[in-house]
Amino acid sequence: MIRVDMDRLRETPLKTDPYDYLTVENFVPLDALDAIAEDFPDLELPGSFPVEELTYGQRFDALLARLAQDDFRDAIAEKFDIDLTGRPMTCTVRGAAQRKDGQIHTDSTTKLITVLIYLNPPWQAEGGRLRVLRSGTDLNDFAEEIEPSSGNLLIFRRADNSWHGHEPFEGIRRSIQINWVTSQAVADKEKARHRVSAKLKRMNPFAGRRNSSTRQAPQ
């Protein structure tokens with residue numbers, strides 16, 4: 001099983017300005033990233049793909065298995081003072097970004113907690129760095145900017161003001177997104193939506209780009 005830095009997650013204080021969130025650098029240790037990258041799903045199209053629809057190697061699977069452990073969920077629940085017991089978890093993967101991505105958004109109201117883990121090499125580009133924003137109108141008014149690389153972790157509580165986004169970037173931008181959602185019906189609907197979207201992207205890459213830009217703002 002892939003090791004993650006649970007101690008640093010538990011020790012990291014929750015930030016409350018402008019909303020509840022925390023970040024942990026190198027949550028996935030650097031010495032594991034190359035191996036995970038080798039086993040990452042082959043995703044060249046932008047957009048979110050449900051893990052159930054993907055093929056990947058053993059070490060990426062081991063990371064997903066580690067993130068599905070109860071102690072990861074419970075550490076987040078304690079940090080955010082929220083009961084996630086019995087709440088369904090969804091998991092999607094992104095492998096690439098297009099220039100339309102990064103639009104400011106808060107996430108849907110059916111999401112309780114959003115987790116983002118970035119699996120890219122040290123980030124050199126100006127765009128693509130996720131920003132914790134103070135408003136829904138100004139991408140440059142941010143409390144923190146997270147480099148989407150090196151096993152970095154961002155967790156936030158979805159709220160009406162949980163604005164986030166990033167400057168345009170086109171190219172490889174690998175991430176895992178985990179959400180705890182309000183009900184199993186929501187989880188099933190999200191999986192079905194992503195499944196259809198993923199099928200369309202594979203059949204017609206241009207349709208996939210339209211779907212990914214209109215249905216969910218990438219993170």
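**Entry 1: pocket lining**

I began with the second largest pocket, where strand 6 gives the most to the lining, with 3 residues. I note here that the model is predicted. I looked up the volume of this pocket and got about 150 Å³. Strand 1 (21-24) and strand 6 each supply at least two residues of its lining.

I then listed the lining residues. T23, V24, E25 and N26 are among them. So are E144, E145, I146 and E147. N152 and L153 also line the second largest pocket. I sorted the lining by character: 3 residues are nonpolar, 3 are polar and 4 are charged.

**Entry 2: E145**

E145 from that lining deserved a second look. Which residue does the side chain of E145 meet in a salt bridge? I found R131, at 2.8 Å from N to O. E145 lies in strand 6 (residues 142-146) and R131 in strand 5 (residues 130-133), so this salt bridge ties together parts that are 14 residues apart in sequence.

Next I checked exposure. Is R131 buried or exposed? R131 is buried, because its relative accessibility is 9%. E145 has a relative accessible area of 33%, so I logged E145 as partly exposed.

**Entry 3: the sheet**

I followed strands 5 and 6 into their sheet. The sheet is open and has 3 strands, in the order 6-5-8, with antiparallel pairing. Strand 6 and strand 8 (164-165) stand at the edges with a single partner strand each, so one side of each has no neighbour in the sheet. Strands of a sheet pair through backbone hydrogen bonds.

How many bridges join strand 5 to strand 8? I count 2, and the two strands run antiparallel. Which residue of strand 8 stands opposite V132? I found H164 there.

**Entry 4: salt bridges**

I searched the whole structure for salt bridges and found 15. I went through some of them by name.

R158 pairs with D160, and their closest N and O atoms are 3.1 Å apart. I checked both partners for exposure. R158 is buried, because its relative accessible area is 16%. D160 has a relative accessibility of 62%, so D160 counts as exposed.

R73 and D70 also meet through their side chains in a salt bridge, at 3.7 Å from N to O. Where do these two residues lie? I placed both in helix 4 (residues 70-80), 3 residues apart, which is about one turn of the helix. R73 comes out as buried, because its relative accessibility is 18% and the cut-off for buried is under 20%. D70 is partly exposed, because its relative accessible area is 48%.

**Entry 5: D71 and its network**

I stayed in helix 4, where D71 lies. Which residues are linked with D71 in a network of salt bridges? I found D7, R10 and R66.

I looked up the contacts of D71, leaving out residues up to four places away in sequence. D71 touches M6, R10 and R66. R10 and R66 are thus listed as contacts of D71 and as members of the network. M6 is 65 residues from D71 along the chain, and the C-alpha atoms of the two are separated by 8.5 Å. Last, I checked the exposure of D71. D71 counts as partly exposed, because its relative accessibility is 27%.

Notes
Residues numbered from 1 in each chain as written. Predicted model: local features only at pLDDT ≥ 70, side-chain atom pairs only at ≥ 80, totals over all residues. Heavy atoms only, no water. Salt bridge = Lys/Arg side-chain N within 4 Å of Asp/Glu carboxyl O. Helix = DSSP H or I, 4+ residues; strand = E, 2+ residues; numbered from the N terminus. Buried < 20%, exposed > 50% of the residue type's maximum accessible area, 1.4 Å probe, protein only. 1 Å grid on protein atoms, 1.4 Å probe; cavity = no way out; pocket = protein on both sides within 12 Å on 5 of 7 lines; lining within 4 Å. Points joined across faces, edges and corners; volume = space filled by probe spheres on them. Nonpolar A, V, L, I, M, F, W, Y, C, P; charged D, E, K, R; others polar. Pairing = 2+ DSSP bridges. Contact = heavy atoms within 4.5 Å.
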